[in-house]
Structures are given as C-alpha cells and as structure tokens.
Amino acid sequence: MKHDLPPLDTLKVFEASARHLSFSLAADELCLSKGAVSYQIQKLEGSLSCALFRRTTRQVYLTEDGQELLKTTQGVFNELRHQFAQFTNNNEDQQVSIAVTTYVAVRWLSANMAGFIEKHPDVSIVLHHSVNSSSFNLSDVDMALRWSPCRKRKEANRLAEAALPMFPVCSPKLLKRMGHSPQTVMTQEMILQKPWCNIPLLCEDRSEDFWDEWSKTLPEKLANPRRVINDSNVRVQAAIDGQGWMLADELMRNELNNDWLVNPLKDCLTGYGYALLRNPSRVVNPKAQLLGEWLSEKLNHTNEHLQYPS
C-alpha cells in the first residue's frame, strides 16, 4: 500500500534533534555529520511545509508544530520498540552488531574481545566497518566504537569513552632524509619553517582538519601540503614509508615501541578519543548489554593506563 509519509530517516533525525534540542548532539548520537542532520531536518520541514525548529546562534527550539510532531514520533517509536522487543525475546540466536573501523578493530577491539568470546562463546558478533562513511547510521547496529570529541557530561547513549591525545609522528627515514637523527626533538614553530613546511601532512578528511586544531596556538596556519588518505591503516603505512607527518594516538604504540615511527614533536591535541555509543532506538538485548558492559570496562581501563609521548 502506498503511503504519503516523509522519509523515515528524516523522522529518526528529527526525534534525536528534538530530544537533545541540539543538532550537534543528534549528529553524535546517530554518527552523522552536523551538516547531514541539518539537511535531513530541512528536508523534513520542506516535505511538511512547516518549520519544526526555531534556530538561534547557539540553540535550537521546537516550534508548536515541532512539539506536536515529537509527541507523535516518540509514541510511534515506543510502539515499534515494544513490538521489536517481542521479536527479540523470541530470537535466541540474535546477533550483536558493532560498527568500528578496521584500524580500531585490529589495534584494540580484537584483543579486548578475545576474553569476552571465551567467556560467552554463544554470542555471535558482527563487525561493520563503515562507521566513518557518510552513509553510516547508528540505527543500523547495536553499538559503535567511534572517534569523537570527549563529552564533559554523561549522555544516555554514550556507554564509555577513552580520551586519547593525538601527536605528530613520522618515519626515521624521513628525519634522516632531512639530515636529522631519530632522536631529534622539535618545537611546533619549526614546522612552519623550511624545509619542514614542505613535508606533507597525512590526513583523513580535509573538511575536518585536525592539523589546524593541533597547531592553533601557532602565529600562522600550517602551509604544508595535505595528503588525504581515508583508510587509517593505509595512512599509518604511508607514514612508516616516509611519505609525511601523521597524527597518531595510543593505538599506534606498537609502531613507536618498534621505532618504525618516532615523535619529535611532543605537542598533543587533546579533547578527542574513542567513544562506545549505544543505539538509543533499539531495544538492548541481554547479549548486547553484556558486550557493552565488557567493552566499557576495557575502555575505562585504557583511559587509566595511557602513555603520552616521551
């Protein structure tokens, strides 16, 4: 039967935005960009021919139409959750799905899940590696382990987080090519000068440039050419091969301990880390809850045993 409902994805985005009264928090919950959330809201408002939010510089507020739609949307979602819960209780073999990049899966998740799998061999775990893609949506999985800004306050869908500083690393080959030893210690200001200002900065996304954040205390922006390599594992190998600087985190401790990469620049970028996010629109089955508690404990343990560049 054909219906005249607006796209259902826009309703999920609306519900999260209205609940938080924040496009940014909704974007974080759904693992979308803030721009994608804003676009979906505009799309919904266009299809309904009415304004759902009143926007100010720092805050968004629901209009009367928005308040009415929120009540209806949450009511429908709650009914669906109840129905899905019945399906869940009847499905003993339900899988637990986690969205995570291959970088994090190889360097952290695999080792920390080994003990869980040994204790709970009946739990079937499915990994999704599209967590950083523009099409990814948290509602498609039970939970996600994702790089994000650290939050000062507790959020319902954020089970745990580990704050990992980022710091520049490069290959000893690159330092030798520049006439320096692997033991070289540099200051931030040196990267502005020749020949260092010509060394490429390896990055993931030019639109969200962590290099600019790392260097924000410098008197001018970094002029180094950027080399975009979206796959983190490929970016690590490029750094090892001497193709340029890379912003590393604690998950690259193996490369540092083996001297495949060195960190002559000691300045760190803080305020980011890995967050374990729960899908707020899905009924948490007991197996997913078990895994969430296990991974939360491991993330907290990682937080307590951080090693900083030295």
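**Notebook: strand β10 and the cavity**

I looked up the partners of β10 and found L202 opposite M246 in that strand. The model is predicted, so I kept local features only at pLDDT of at least 70 and side-chain atom pairs only at pLDDT 80 or more, while totals for chains, interfaces and linings use all residues. Residues are numbered from 1 along each chain as its sequence is written, and side-chain values use heavy atoms, with hydrogens and water left out.

Strand β8 (residues 201-203) runs parallel to β10, with 2 bridges. Strand β7 (residues 167-169) runs antiparallel to β10, with 3 bridges, and P168 stands opposite L247. Strands are DSSP runs of E, at least two residues, and helices are runs of H or I, at least four, numbered from the N terminus. Pairing needs at least two DSSP bridges.

I then checked the side chains of β10 (residues 245-248): W245 and L247 point one way, M246 and A248 the other, and all are buried. Buried means under 20% relative accessible area, exposed over 50%, partly exposed in between (1.4 Å probe, protein chains only).

Next I searched for cavities, sets of points on a 1 Å grid over the protein atoms alone where a 1.4 Å probe fits but cannot get out. I found 1 cavity of 30 Å³ or more, with a volume of about 50 Å³; a volume is the space filled by probe spheres set on the points, joined across faces, edges and corners. Its lining residues (an atom within 4 Å of a point) include W108, L164 and T302. Helices α5 (102-119) and α10 (286-304) each supply at least two of the lining residues.

Conventions
On a 1 Å grid over the protein atoms alone, a cavity is a set of points where a 1.4 Å probe fits but cannot get out, and a pocket is an open set with protein on both sides within 12 Å along at least five of seven lines; lining residues have an atom within 4 Å of a point.
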